[in-house]
Amino acid sequence: MLSKRTLIGLIVGSMIIGIGGYSLITHIGTVTINENYVVEVGDSTVYRIPAPNHTPQHMEIRGESFDLKLKSPSTGLQIPNMTSYKNELTLDWVHLADGETVIQIQNTGGDELEITGVLIRTADPIWFTYDIMVIISGMVIIGFSMGFTLRKPKGF
């Protein structure tokens with residue numbers, strides 16, 4: 001017969017392992033990010049988008065005036081020098097090789113710059129490590145709770 005503490009430990013540990021396993025499965029593959037960002041007057045921002053081959057990207061930039069520099073992997077969309085734009089720019093491109101697109105945007109106008117888009121990127125590898133740590137912590141909880149079934153420590 002299992003003690004009450006052992007049952008509670010089994011249930012809690014199993015739930016933690018289940019959450020870690022679900023999270024591990026969701027972090028496999030690509031992640032879609034719906035971007036909605038505002039750049040203040042005179043500020044700049046840099047986007048680094050690591051993505052696999054044949055991944056479509058979409059970005060819209062609206063503002064009075066701005067400078068843009070974009071470098072995509074392989075021979076994809078390239079804007080090598082800071083090029084000035086006014087009012088609105090729509091960028092649609094596809095990664096032609098595994099790699100990272102770097103977009104540098106500088107607001108040169110007298111009004112805020114609005115950046116929207118749908119960016120698809122590879123999942124960050126740190127999430128894999130985090131998910132494994134969550135699963136291991138669930139196993140440790142189950143292990144400690146099983147100790148209460150074998151023998152009852154003094155004071156319990």
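Colleague: Why is Trp127 called partly exposed?

Modeller: Trp127 has a relative accessible area of 40%. Buried means under 20%, exposed over 50%, and partly exposed in between, with a 1.4 Å probe and protein chains only. The value 40% falls in between, so Trp127 is partly exposed.

Colleague: What is the source of these values?

Modeller: This is a predicted model, where local features need pLDDT of at least 70, side-chain atom pairs count only at pLDDT 80 or more, and totals for chains, interfaces and linings use all residues. Residues are numbered from 1 along each chain as its sequence is written, and side-chain values use heavy atoms, with hydrogens and water left out.

Colleague: What makes Trp127 and Tyr130 an edge-to-face pair?

Modeller: Their ring centres are 5.7 Å apart and the planes meet at 90°. Rings of Phe, Tyr and Trp (its six-membered ring) pair if their centres lie within 6.5 Å; planes under 30 degrees apart count as stacked, over 60 as edge-to-face and the rest as tilted. Both values meet the rule, so the pair is edge-to-face. Both residues lie in helix H2 (residues 125-150), three residues apart, about one turn of the helix. Helices (H or I, at least four residues) and strands (E, at least two) are DSSP runs, numbered from the N terminus. Tyr130 is partly exposed at 49%.

Colleague: How many aromatic pairs does a search of the whole structure find?

Modeller: Two. In one of them, the rings of Phe66 and Tyr85 have centres 5.8 Å apart and planes at 25°, so the pair is stacked. Phe66 lies in strand S3 and Tyr85 in strand S4 (residues 78-94), so the pair ties together parts that are 19 residues apart in sequence.

Colleague: Are Phe66 and Tyr85 buried or partly exposed?

Modeller: Phe66 has a relative accessible area of 0%, so Phe66 is buried. Tyr85 has 22%, so Tyr85 counts as partly exposed.

Colleague: Why does Gln57 count as buried?

Modeller: Gln57 has 3% relative accessibility, so Gln57 counts as buried. Gln57 lies in strand S3 (residues 56-71).

Colleague: What does the side chain of Gln57 reach?

Modeller: The backbone oxygen of Ile120, at 2.7 Å. Beyond its neighbours within four places in sequence, Gln57 is in contact (heavy atoms within 4.5 Å) with residues including Leu91, Trp93, His95 and Ile120.

Colleague: Which side chains of strand S2 are buried?

Modeller: In S2 (residues 44-51) the side chains alternate. Thr45, Tyr47, Ile49 and Ala51 point to one face and are buried. Ser44, Val46, Arg48 and Pro50 point to the other and are not.

Colleague: How do you know that S2 and S5 pair?

Modeller: Two strands pair if DSSP finds at least two bridges between them. S2 and strand S5 (residues 99-107) have eight bridges, in the antiparallel sense, so they pair. Thr45 has Ile105 as its bridge partner in S5.

Colleague: What is Arg48 of S2 in contact with?

Modeller: Leaving aside neighbours within four places in sequence, Arg48 is in contact with Glu100, Thr101, Val102 and Arg121. Arg48 and Arg121 are 73 residues apart along the chain, with C-alpha atoms separated by 9.4 Å.

Colleague: What is the radius of gyration of the protein chain, against that of a compact globule?

Modeller: The protein chain has 24 Å, whereas a compact globule of 156 residues would be near 15 Å. The radius is taken over C-alpha atoms, and the globule rule is 2.2 Å times the number of residues to the power 0.38. The C-alpha atoms fill a box of roughly 75 × 35 × 15 Å along the principal axes.

Colleague: In what order do the elements run?

Modeller: From the N terminus on, α-β-β-β-β-β-β-α.

Conventions
A polar contact is a pair of N or O atoms within 3.5 Å; within protein, one must be able to donate a hydrogen and the other to accept it, and residues adjacent in sequence count only if both atoms are side-chain atoms.
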